[in-house]
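Here are my notes for when you open this one in the viewer. Keep the sequence beside you and take the points one by one.

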Amino acid sequence: MARRRDNGPGGLLVVDKPAGFTSHDVVAKVRGMARTRRVGHAGTLDPMATGVLVVGTERATRLLGHLALTEKEYVATLRLGQETVTEDAEGEITAARGAGDVDRQRLDAAVGAQTGAISQVPSAVSAVKVDGKRAYARVREGEEVQLAARPVTVSSFQVHDVRPDTAEDGTPVTDVLVSVVCSSGTYVRALARDVGAELGTGGHLTALRRTRVGPYGLDGAHTMEQLQQFVDAEQSLPVVPLGDAAAAAFPRWDIDEEQARRIGNGVQLRMPSGSGPGPVAVFGPGGQFVALVEEREGRARSLAVFV
């Protein structure tokens with residue numbers, strides 16, 4: 001029986017997810033590589049999508065739910081002229097209106113309408129729960145799912161290339177290469193759907209690559225093959241240490257030894273002014289990562305304690 005690795009407090013592993021893998025598949029692989037069950041991920045990527053998937057091991061799993069709420073960046077290809085049931089290339093085509101000659105001014109206006117603080121209806125095959133059951137599971141069972149719109153922020157939505165093409169079924173289409181920077185909860189395939197709806201052509205997503213989650217980008221990501229090489233060489237996986245991960249992702253608050261002891265015991269200390277909303281990483285003497293807290297009525301409410 002393989003001996004469990006001593007992973008210490010763990011850390012974050014930035015994975016370049018390959019196409020065809022679910023996020024759960026990546027977690028399962030990392031569990032085997034790290035020889036621990038305590039592995040999770042922040043922000044699901046669909047099987048078709050590639051790119052940055054942040055995986056946590058050991059105590060770093062307690063950061064993941066907060067990291068999932070950070071800003072994300074993508075490059076994607078939208079196909080105008082066809083609609084699919086899943087709003088991406090993996091679903092059956094449900095309408096083929098064609099879009100062989102898309103006016104660039106109208107395209108830019110449609111993209112602009114999906115930029116900024118918008119109200120977006122999530123994809124019907126998303127992981128959003130409806131009466132306790134995932135929307136995609138209901139769709140697979142033949143149900144017609146209507147989800148409520150919710151506020152999201154698309155801080156940047158840029159068109160980089162426009163290419164007329166012909167789909168396999170002979171439909172004239174236009175492929176649009178875009179980049180998107182958006183808040184958590186934004187569905188890029190819903191952007192493709194809504195741009196297509198605005199133009200009257202229909203649209204869906206044919207390619208999606210996530211290039212950043214919060215501060216973690218592709219420049220620090222490892223492919224599954226590269227991770228396996230660490231394992232084969234009997235080397236530790238290249239995790240971002242717990243404290244470094246917290247310092248990179250959240251505002252920092254340095255405290256003294258007595259304050260660290262009190263926060264570790266659940267005392268809600270008064271926070272410095274200007275801490276702002278959202279999680280704050282607390283560090284004690286010597287750079288020890290103490291806790292993740294948020295401000296509540298001027299005091300530090302612990303989200304997770306690490307000492």
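1. Start with helix H1, residues 23–34. In this predicted model, H1 has 12 residues and spans 16 Å from its first C-alpha to its last, close to the 16 Å expected at 1.5 Å a residue. Just after H1 comes arginine 35, which takes a positive phi of about 55 degrees.

2. Which residues of H1 are buried? They are Ser23, Val26, Val27, Val30, Met33 and Ala34. They cover an arc of only 120 degrees around the axis, so they sit on the same side of H1. Try looking down the helix axis to see this for yourself. What covers these buried residues includes three strands, E1 (11–17), E2 (39–42) and E3 (50–57), along with helix H6 (224–232).

3. Now zoom in on serine 23, which belongs to H1. Its relative accessible area is 3%, and since buried means under 20%, serine 23 counts as buried. What does serine 23 touch, not counting residues up to four places away in sequence? The answer is His41, Thr44, Leu45 and Leu53. Take histidine 41: it is 18 residues from serine 23 in sequence, yet the two are 7.4 Å apart in space, C-alpha to C-alpha.

4. Next, strand E1, which we met as part of the cover over H1. 7 of the 7 residues of E1 are buried, so this strand is largely enclosed by the rest of the structure. E1 pairs with E3 in the antiparallel sense over 6 bridges, and there leucine 13 has valine 55 in E3 as its bridge partner. E1 also pairs with E14, again antiparallel, over 2 bridges. In that pairing, leucine 12 has valine 240 in E14 as its bridge partner. If bridges are new to you, remember that strands of a sheet pair through backbone hydrogen bonds, either parallel or antiparallel.

5. Move along the chain to the open sheet of 4 strands, in the order E15-E16-E17-E18, with mixed pairing. Its edge strands are E15 (252–254) and E18 (299–305), each of which pairs on one side only. On average, neighbouring strands here are turned by 40 degrees against each other, direction ignored. Helix H7 (residues 242–249) packs on this sheet and touches E15, E16 and E17; the direction of H7 makes about 135 degrees with that of E16.

6. Inside that sheet, look at E16 (residues 280–283) and E17 (residues 289–296). They pair in the antiparallel sense over 4 bridges. One spot to click on is valine 280, which stands opposite valine 293 in E17.

7. Back to H7 for a moment. Its buried residues are Leu242, Gly243, Ala245, Ala246 and Ala249. They cover an arc of only 160 degrees around the axis, which puts them on the same side of H7. What do they pack against? The list is E1, helix H2 (64–67), strand E13 (216–217), strand E14 (240–241), E16 and E17. Notice that E1 turns up here as well as in the cover over H1.

8. Now for the aromatic rings. The structure holds 2 aromatic pairs. Phenylalanine 283 and phenylalanine 289 make a tilted pair, 5.3 Å centre to centre with 35 degrees between the planes. Phenylalanine 289 also pairs with phenylalanine 306, and this pair is stacked: 4.6 Å centre to centre, 25 degrees between the planes. Phenylalanine 289 is in strand E17 and phenylalanine 306 in the segment after E18, 17 residues apart, and the pair links these distant parts of the chain.

9. Put together, Phe283, Phe289 and Phe306 form one aromatic cluster. Are these rings buried or exposed? Phenylalanine 283 is buried, with a relative accessible area of 2%. Phenylalanine 289 is buried at 7%, and phenylalanine 306 is buried at 4%.

10. A last stop: serine 156, in strand E10 (residues 150–166). Its relative accessible area is 19%. The cut-off for buried is under 20%, so serine 156 still goes down as buried. Leaving aside neighbours within four places in sequence, serine 156 is in contact with Ser179, Val180 and Val181.

Methods: Residues numbered from 1 in each chain as written. Predicted model: local features only at pLDDT ≥ 70, side-chain atom pairs only at ≥ 80, totals over all residues. Heavy atoms only, no water. Pairing = 2+ DSSP bridges. Axes fitted to C-alpha atoms, helices over the stretch in contact; angles between N-to-C directions. Contact = heavy atoms within 4.5 Å. Expected span 1.5 Å × (residues − 1). Buried < 20%, exposed > 50% of the residue type's maximum accessible area, 1.4 Å probe, protein only. Arc of directions from axis to C-beta. Phe/Tyr/Trp six-rings, centres within 6.5 Å; stacked < 30°, edge-to-face > 60°.
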